[in-house]
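Hi,

Here is the structure I promised to pass on. Have a look at it first, and my notes follow underneath.

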Amino acid sequence: MANPFLLWRRWRDARRRTAFEDVLKHVLTRTIEGREAGVDSVAGHLGFSQKRVLHLAVEMESAGLLRSEGARLALTPAGEKWATQVVRAHRLWETYLANEAHVPIEALHKPAEAAEHRLTPEQVDALDASLGYPRNDPHGDPIPTASGQIAALDARAVTSFPLGQAAEIAHLEDEPAALFRQIPEALRPGTVVRRVSSSPAEVTLSDGAREYRLTPLVAGNIQVVPAPEAKADPSLAPLSALALGEEAEVVAIGPGLRGFTRRRLLDLGLTPQARVSVHLDNAFGDPRAYRVRGATIALRREQAAHIFVRRHGVLASA
Amino acid sequence: MTDPIARADQLRASLPAGFRDQVVESLYEEAHRIAGRSVKTGENRRIDFDQRIDRLVTSPIFGLPLMLVLITGVFWLTIIGSNYPSQMLATSFFWLEDKLVAWSAAAGAPAWLTGFVWNGVYRGLAWVVAVMLPPMAIFFPMFTILEDLGYLPRVGYNMDWLFRKAGAHGKQSLTMAMGFGCNAAGVISTRIIDSPRERLIAILTNNFVPCNGRFPTLIMLATIFVAAQFPPAVASVAAAGSVVGVVLLGVLFTLVVSAVLSRTVLRGEASAFTLELPPYRRPSILRILYTSLIDRTIFVLGRAMLTAAPAGAVIWILGNIDWQGASLARHAANFLQPLGHAIGLDGVILLAYVIAIPANEIVVPTMLMVYLGTGMMSDVTGYDDIRRILVEENGWSLLTAVNLMLFSLLHNPCATTILTMWRETRSTRWTFIGALMPLAIAFAVTFTVATVVRLLL
C-alpha cells in the first residue's frame with residue numbers, strides 16, 4: 001500500500017475502467033433506445049474531449065469491445081456483455097440502497113454511478129442473490145440477469161395513455177435530474193394513476209387520493225402500462241384512512257413499500273386477505289396500533305398509507 | 001443439455017412479479033387453515049382486557065402522566081430502599097479494611113504494600129460495591145418487571161411522535177430505555193434499527209440517558225442536596241422527582257441532538273418502523289430475578305469492580321506520592337481547578353472524571369478519596385458523612401450539586417461505551433464525535449449555568 005507507484009497504478013487502472021465502462025454503457029443505452037452512438041454523442045454525454053474519446057475508442061476497439069462503422073460506434077458481443085454487467089451493477093446497487101438502506105429515490109443515482117465501476121462480478125452476483133433477484137430497479141428499469149438478458153420495457157409515456165383509464169407506473173426516467181425532482185413523491189413505479197386532463201401547458205394525473213399537475217415535459221418522463229384489474233378498484237382505501245375500531249381486509253401492499261419494510265410487514269401477517277382492525281388511536285396522530293392475526297402492531301401513517309384495504313364495517317366490540 | 005443457470009434465469013423471468021408476496025400469503029393461508037381446524041380460542045375477553053389497558057396507558061390524558069408516575073415511583077423506591085443497605089455495607093467493608101491493615105502490618109508487610117493493597121485497591125472495590133450494589137439490586141428488578149409486563153413497547157408507542165419529529169427512528173426510544181441499564185448495551189441494541197443513518201443517530205445520542213453507573217451519583221446528589229431542602233416527610237419524593245427531572249432533561253437532549261443531527265450531518269427522512277405491542281403478561285418472578293440480578297446487576301457490578309481496582313490503585317499512588325510538599329493528586333486537582341471553577345465544579349471533581357473514564361460508576365468514590373487525601377476515612381459511613389465532607393470541608397454549594405448532575409448526565413461516555421461505539425460503527429471518526437460531542441455539550445451547558453447563576457447572585 002505504501003508504494004506510491006503501486007497506488008498510482010491502481011488509481012490509473014480504476015480511472016481507465018471507469019472511462020471504458022462509461023463509454024460502453026452509453027453505447028448500450030443508445031442502442032436499446034434505437035439511436036446511434038458516435039464519438040460526438042459519447043463526448044457530449046460524458047463531457048470528454050473529442051480527442052480523448054477517439055483515443056479511448058481506438059484502445060477499446062483493439063481490446064475487442066467496440067466496432068467503429070464510419071462515425072458510428074457499436075458494441076462487439078464482448079463489449080455488450082461488459083456493458084450489460086455495468087448496467088446490472090448500477091441498477092442492483094440502486095435497488096439495494098432503496099430497499100435496504102432507505103435512501104430516498106432522488107439520491108440513488110450518484111452513489112450507483114460510483115459503485116458500478118467498483119463492484120466485481122462476484123460481488124454483483126452476491127448482491128443479486130441477497131436482494132432475491134429483483135427484476136426492476138426503484139425507477140422501474142429492468143435489471144439485466146446474470147446471463148445478460150435485459151427484459152424489454154413495454155411501457156409508454158402517460159401522456160399518450162388513454163384519458164381516464166387506470167395505468168400503472170412502470171418507469172420513471174431519472175435523467176435529467178432536474179426534471180426527475182419535479183415528479184411528486186407519491187408517483188412511483190407500481191402506483192396506479194389516471195390521466196384526468198391534458199392541455200399543452202399542463203397534464204393532470206390522479207392517484208385516487210390527490211391530483212397532480214405536471215408540465216407535459218415532466219409527465220412525459222412517467223411511463224406506464226395498463227393497470228391490473230385488482231389494482232384499478234376505486235373502492236380500496238389506505239389502512240391509514242380507517243377509523244378506530246373499523247375492520248377491513250388487506251388487498252395489497254403498495255409498491256411504495258420495498259425491501260426490508262415490505263418483508264417485515266408481510267412477515268407480521270399483513271398479507272392479502274388478512275383481516276385488520278384499528279386497535280388504538282393516537283392523540284399525536286402517529287403511530288396507530290392495528291390488530292392483525294391476533295397480534296397488535298403499531299405503524300406510522302407513512303407506512304399505513306401504502307397498505308390498501310377493503311372496508312368491512314365497524315366491529316361490534318368497539 | 002442446457003445450462004441450468006440460464007434455465008433458472010428463464011424460469012425466474014416467467015414468475016409473476018409479486019410471487020414473493022404470494023409465497024408469504026400462501027404460508028399464512030395454510031397456517032390459518034391448520035389453526036382454524038385445531039386451535040380453539042377463548043381469547044376475546046383477553047383482547048378486550050388488553051385493549052382497555054392499552055387505551056389507558058396510551059391515552060392522551062393519562063398516558064404520559066402515568067409514565068412519569070411509574071418512573072418516579074421506581075426511583076423513589078430505589079432511593080429509600082438503598083440508603084440503609086449502602087450504609088451497612090460501607091460500615092462493614094471499612095471495619096474489615098481496618099482489620100486487614102492491622103493484620104498485614106502485624107504480619108510484617110512494608111507500609112507501602114499495606115497502603116497500596118488495602119487503602120488503594122481494596123478501598124476502591126469496597127466503595128463501588130457499597131455505593132452501587134443496593135440501588136442496582138432494587139432498580140434492575142423493578143425495571144425488568146415493567147419490561148416483562150409488556151409496558152416498555154407502550155412507552156415506545158407514546159413517545160414515537162417525538163422521535164419522528166426529530167427525524168429519528170421509532171425504535172430509538174427502546175434503545176434509549178436500554179441505555180438506562182448500560183450505555184454500552186444501549187449502543188449494541190441499536191442493531192434493531194436497520195437504517196444506517198438513524199442507527200448512527202441512536203448510537204451518538206445514547207449517552208444522554210444516564211446509565212446505571214451514573215444513577216448512584218445522581219441519587220446521592222439528589223438525596224444530599226435536594227432532599228435536604230425539603231421537610232423529611234417529602235424529602236425522598238423530592239429526591240426522586242429531581243432524578244426524574246434529570247432523566248427528562250436527558251430525553252430532551254436526546255431529541256434535540258437527534259433533530260440537529262438529522263437536519264445537518266446526517267440528513268434524511270425518518271424511515272419505516274413497525275412496533276409490536278405484545279399482550280400483557282404476568283411477570284415470571286424467577287426470570288425477573290435471574291435477568292435482573294445475574295445478567296444485569298452482577299454483570300455491571302463485575303465490570304465496575306474490574307475498573308475500580310486499578311482506579312483505586314491509581315488514586316492511592318496519586319495521593320501518596322508527594323512532590324514539592326503536596327501529593328500528585330493535589331497538584332492535578334489544582335491544575336484543573338480554574339477549568340472546574342469556570343463550569344461551577346472544582347478541580348477534584350474533574351480529576352475524578354478523568355480517573356473514572358474507564359467506568360462512570362467510580363466517580364463519587366474517587367472524588368471522596370481525593371478529597372480525603374491519604375487520611376483514613378473509616379468514619380465515612382453514610383450520606384450524612386458525605387454531606388459533611390462535601391459541604392462543610394470542601395465548600396460545595398447547590399450550584400456545585402446541580403452542575404455536577406448536569407455534567408454527569410451530559411459528559412463523555414465511559415471507555416466501554418466508546419469501545420462499543422467503535423465496534424458497532426467501525427469508524428474512528430464517528431467514535432470521536434460520539435465521545436467528544438457530549439463532552440463539549442456538557443462543558444457548554446455547565447459553563448452557561450454557572451455563569452448565569454454567578455451573575456444573578
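A quick definition before the notes: I call a residue buried when its relative accessible area is under 20%, and exposed when that area is over 50%. Also keep in mind that this is a predicted model.

With that in hand, start with helix 6 of chain A, which covers residues 121-130. Its buried residues are A:V124, A:L127 and A:D128. Looking down the helix axis, the buried residues fall within an arc of 100°, so they line one face of the helix. What do they pack against? Their partner is helix 4 of chain A, residues 77-100. On the face turned away from the buried side you'll find A:E122 and A:S130, both exposed. Just after the helix comes A:G132, with a positive phi of about 80°.

Next, the domains. The assignment splits chain A into domain 1 (4-75), domain 2 (156-229) and domain 3 (237-314). Between domain 2 and domain 3 of chain A, the C-alpha centres are 26 Å apart.

Chain A also has an open sheet of 3 strands, paired antiparallel in the order 1-3-2. Strand 1 (37-38) and strand 2 (66-69) are at the edges with a single partner strand each, so one side of each has no neighbour in the sheet. Strand 1 of chain A meets strand 3 (residues 72-75) through 2 bridges, in the antiparallel sense. In that pairing, A:G38 has A:R72 of strand 3 as its bridge partner. Lying across strand 1, strand 2 and strand 3 of chain A is helix 1 (residues 4-32), which runs at about 95° to strand 3.

Further along chain A, strand 7 (residues 203-206) is worth a click. Which way do its side chains go? A:V203 and A:L205 point one way, A:T204 and A:S206 point the other way, and all are buried. That fits the general pattern, since side chains in a regular strand alternate between the two faces of the sheet.

Strand 7 of chain A has these antiparallel pairings:

- With strand 6 (residues 192-198) of chain A, it pairs over 4 bridges, and A:R195 has A:L205 as its bridge partner. The two strands form a hairpin with 4 residues between them.
- With strand 8 (residues 211-214) of chain A, it is joined by 4 bridges, and A:V203 stands opposite A:L214. This hairpin has 4 residues between the strands, and A:G208 in it takes a positive phi near 100°.

Now for the cores. The largest nonpolar core has 102 residues, and B:F215, B:M367 and B:W396 have the most contacts inside it. Taking B:M367 and skipping its neighbours within four places in sequence, the contacts are B:V348, B:I349, B:A352, B:W396 and B:L404. Apart from that core lies another one of 32 residues, including A:L179, A:Y212, A:L214 and A:V224. You met A:L214 above, opposite A:V203.

One last residue: B:D160, in helix 6 (residues 151-165) of chain B. Is B:D160 buried or exposed? Buried, because its relative accessible area is 0%, against the cut-off of under 20%. Leaving aside neighbours within four places in sequence, B:D160 contacts A:D286, A:P287 and A:R300 from chain A, along with B:G170 and B:F273 from chain B.

Over to you!

Key: Residues numbered from 1 in each chain as written. Chains lettered and ligands numbered in written order. Predicted model: local features only at pLDDT ≥ 70, side-chain atom pairs only at ≥ 80, totals over all residues. Heavy atoms only, no water. Core = buried A, V, L, I, M, F, W, Y, C linked by side-chain atoms within 4.5 Å. Buried < 20%, exposed > 50% of the residue type's maximum accessible area, 1.4 Å probe, protein only. Contact = heavy atoms within 4.5 Å. Arc of directions from axis to C-beta. Pairing = 2+ DSSP bridges. Axes fitted to C-alpha atoms, helices over the stretch in contact; angles between N-to-C directions. Domains from an automatic or database assignment.
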